[in-house]
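Trainee: Please take me through this one step by step. I will ask, and you can explain.

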Amino acid sequence: MINTIQNYVTKQIFSLSNHLETGISKARLAQLRRGIGKKPGENPEIWGDFLVDLPEQFMSNTTEPSKAEWAIYIALTMYALHQQGHSEPVNKQGYEYFLGQAVGKLVKSTDDLERIQKRFSVVALSSNMTELSYYLRCIIRLLSDENIFLDYAELTKELFLFQFDNRTDSIRLKWGQDFYRQVNHINVEKDKEED
């Protein structure tokens with residue numbers, strides 16, 4: 001199930017990034033950005049970008065978005081924000097582009113550590129997906145400003161699992177571990193330079 005969600009987001013992002021310089025891609029990305037801070041389904045002009053070809057099993061049977069719809073929607077709207085102003089795709093696959101690793105790359109000095117860690121903690125402590133989306137937007141802007149890429153398929157998986165009470169803390173721990181693996185790596189390199 002999770003692989004299907006990740007593959008769906010990868011396919012959607014590929015479609016969005018295939019021709020970044022065309023008016024159609026730019027318009028779709030702009031529409032997706034207008035969906036930030038809203039619930040899935042609230043903005044009809046982007047239904048197609050997160051619902052087209054979505055497997056029926058991921059669609060909600062109620063008036064509330066499903067966990068899969070939330071994860072996909074947030075990942076795609078954050079991708080649209082991240083991609084803004086970049087001619088090269090910002091979606092990259094691999095461990096070094098997982099959320100915690102990417103956020104850790106924002107830490108360039110000990111002065112950055114506390115500031116970035118606080119912002120990232122606020123994302124991890126979000127109590128619902130609307131709140132998480134709001135705080136994640138700040139992190140994505142920082143990544144965009146520093147030209148740091150992100151694995152959006154992995155982010156989608158993490159956002160999906162974050163919504164299950166028995167998995168939330170494990171995702172929080174993973175984010176923290178990945179963040180500090182990156183930060184510790186930076187500190188080790190800095191220590192070597194000082195020796």
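**Reading the model together**

Trainee: Is S109 buried, exposed or partly exposed?
Mentor: Buried means under 20% relative accessible area and exposed means over 50%, with partly exposed in between (1.4 Å probe, protein chains only). S109 has a relative accessible area of 25%, so its class is partly exposed.

Trainee: What kind of model is this?
Mentor: Residues are numbered from 1 along each chain as its sequence is written, and side-chain values use heavy atoms, leaving out hydrogens and water. Local features need pLDDT of at least 70, side-chain atom pairs count only at pLDDT 80 or more, and totals for chains, interfaces and linings use all residues, since this is a predicted model.

Trainee: How far apart in space are S109 and Q93?
Mentor: Let's place S109 before we answer: it sits in the loop between helix 5 (99-104) and helix 6. Helices here are DSSP runs (H or I, at least four residues), numbered from the N terminus. In sequence, S109 and Q93 are 16 residues apart, and C-alpha to C-alpha their separation in space is 26 Å.

Trainee: Which backbone nitrogen lies 2.9 Å from a polar atom of the side chain of Q83?
Mentor: Q83 belongs to helix 4 (residues 67-83), and with 2% relative accessibility it counts as buried. A polar contact is a pair of N or O atoms within 3.5 Å; within protein, one must be able to donate a hydrogen and the other to accept it, and residues adjacent in sequence count only if both atoms are side-chain atoms. The nitrogen at 2.9 Å from the Q83 side chain is that of V90.

Trainee: With which residue does K39 form a salt bridge?
Mentor: A salt bridge is a side-chain nitrogen of Lys or Arg within 4 Å of a carboxyl oxygen of Asp or Glu. K39 has its closest N and O atoms 2.8 Å apart from those of its partner, E64.

Trainee: Where in the chain are K39 and E64?
Mentor: K39 and E64 are 25 residues apart, so "distant parts of the chain" suits this pair, and E64 counts as partly exposed at 43% relative accessibility. K39 lies in the loop between helix 2 (23-33) and helix 3 (47-51), and E64 in the loop between helix 3 and helix 4.

Trainee: Why are K157 and E154 separated by about one helical turn?
Mentor: Their side chains meet in a salt bridge at 3.5 Å, N to O. K157 is partly exposed at 24% relative accessibility, whereas E154 is buried at 5%. The turn between them follows because, in helix 8 (residues 152-162), K157 and E154 are 3 residues apart.

Trainee: Which residues are linked with K174 and E158 in a network of salt bridges?
Mentor: K174 and E158 form a salt bridge with closest N and O atoms 2.6 Å apart. This pair links helix 9 (residues 165-194), home of K174, to helix 8, home of E158. E158 is buried, at 0% relative accessible area. Linked with these two in the network are E154, K157, D178 and R181.

Trainee: How far apart are the end C-alpha atoms of helix 7?
Mentor: The expected span of a helix is 1.5 Å times one less than its number of residues. Helix 7 (residues 129-145) has 17 residues and should therefore span 24 Å; its end C-alpha atoms agree, at 24 Å.

Trainee: Which residue caps the N-terminal end of helix 7?
Mentor: Look for a side-chain oxygen lying 3.1 Å from the backbone nitrogen of T130. The residue that provides this cap is N128.

Definitions and conventions:
Helix = DSSP H or I, 4+ residues; strand = E, 2+ residues; numbered from the N terminus.
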